[in-house]
Amino acid sequence: MLKTLPIWLCPLAVGIALVGCRQTVSTDSSYPVIYDAWNARYQYNPITREMHPVADGKTIGLSWSRDSFGRLNSKYYHSGIEGKGGDENLIETHKSKLDRNRDQQWEEERDNRIQQIKEYITMRESNQTEINLPVENSDETEDQNMNPFLPISNIPALEVPITNSSADSVEPIPFLPLEPAAVDAGMPSIPPLP
């Protein structure tokens with residue numbers, strides 16, 4: 001079988017194999033920028049409380065900072081691409097998303113409240129007596145009449161006994177000590193042991 005192959009085909013196969021197995025040297029234009037962001041190391045600035053990812057002397061990736069209370073006040077993405085405008089201020093995007101969610105929730109609550117008022121008005125116009133409105137701040141009205149410097153009393157009020165003409169109908173006042181029983185002269189004051 002080797003005798004039928006032309007002799008020039010063997011060097012061609014070896015040349016193709018060498019070209020296919022050679023290492024290619026990448027240039028800066030073919031190297032993805034995201035690899036720089038993955039390889040970046042963070043540098044912390046204690047004065048401004050900022051974290052910046054730095055790779056090969058340039059800032060690339062996600063950087064952020066916090067205020068003195070620990071709240072996030074800056075979040076920025078550096079794309080590392082010059083002139084293409086890939087940088088993005090993520091804190092502004094986040095704040096606009098929070099504002100949209102807050103506005104949407106406020107509108108929903110406003111619509112629910114308008115619907116409750118409409119139901120209340122229709123119920124009043126139809127002269128229905130049972131009205132179930134949500135009670136708001138009922139504890140505040142009770143607390144307004146209370147002096148905060150006086151202790152709260154949980155003792156029930158003592159009732160005044162009603163006296164009739166007969167002595168047997170008088171009820172004793174609760175929590176008062178009972179009168180001692182009359183002691184006979186012949187009985188010892190200490191009860192006998194069993």
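Which side chains meet in a salt bridge at 2.7 Å, N to O? They are the side chains of D99 and R102. This report describes that contact and its surroundings in a predicted model.

**Salt bridges**

The structure holds four salt bridges. Three of them are set out below.

| Salt bridge | N to O distance |
|---|---|
| D67 and R71 | 3.0 Å |
| D99 and R102 | 2.7 Å |
| E107 and R110 | 3.3 Å |

Side chains of opposite charge can pair when their charged atoms come close.

D99 and R102 both belong to helix α3, which covers residues 90-125. Three residues separate the two positions in sequence, about one turn of the helix. D99 has a relative accessibility of 35% and therefore counts as partly exposed.

Helix α3 also carries E107 and R110, which are three residues apart and thus separated by about one helical turn. E107 is partly exposed, with a relative accessible area of 36%, and R110 is likewise partly exposed, at 38% relative accessibility. Salt bridges with shared partners link E107, R110 and D111 into one network.

The bridge between D67 and R71 has its closest N and O atoms 3.0 Å apart. Is D67 buried or exposed? D67 is buried, because its relative accessible area of 19% falls under the 20% limit for that class.

**Strand pairing**

Strand β4 (residues 61-66) pairs with strand β2 (residues 50-55) in the antiparallel sense, over two bridges. Within this pairing, M51 stands opposite W64 of β4.

Strand β4 is also joined to strand β5 (residues 72-78), by six bridges, and these two strands run antiparallel. Here G61 is placed opposite H78 of β5. The hairpin of β4 and β5 has five residues between the strands, and in this hairpin G70 adopts a positive phi near 90°.

**Nonpolar surface patch**

A nonpolar patch of about 560 Å² lies on the surface and is made by I7, W8, L9, L12 and I16. One of these residues, L9, lies in helix α1, which spans residues 9-21. Why can L9 contribute to the patch? L9 has a relative accessible area of 33% and is partly exposed, so it passes the requirement of over 30% that applies to patch residues.

Terms used: Residues are numbered from 1 along each chain as its sequence is written. This is a predicted model: local features need pLDDT of at least 70, side-chain atom pairs count only at pLDDT 80 or more; totals for chains, interfaces and linings use all residues. Side-chain values use heavy atoms; hydrogens and water are left out. Patches are made of residues with over 30% relative accessible area and no salt bridge: like charges are joined within 9 Å, nonpolar side chains (Val, Leu, Ile, Met, Phe, Trp, Tyr) within 5 Å. Accessible areas come from the Shrake-Rupley method with a 1.4 Å probe; for residues, only the protein chains shown count as cover. Helices (H or I, at least four residues) and strands (E, at least two) are DSSP runs, numbered from the N terminus. Buried means under 20% relative accessible area, exposed over 50%, partly exposed in between (1.4 Å probe, protein chains only). Two strands pair if DSSP finds at least two bridges between them.
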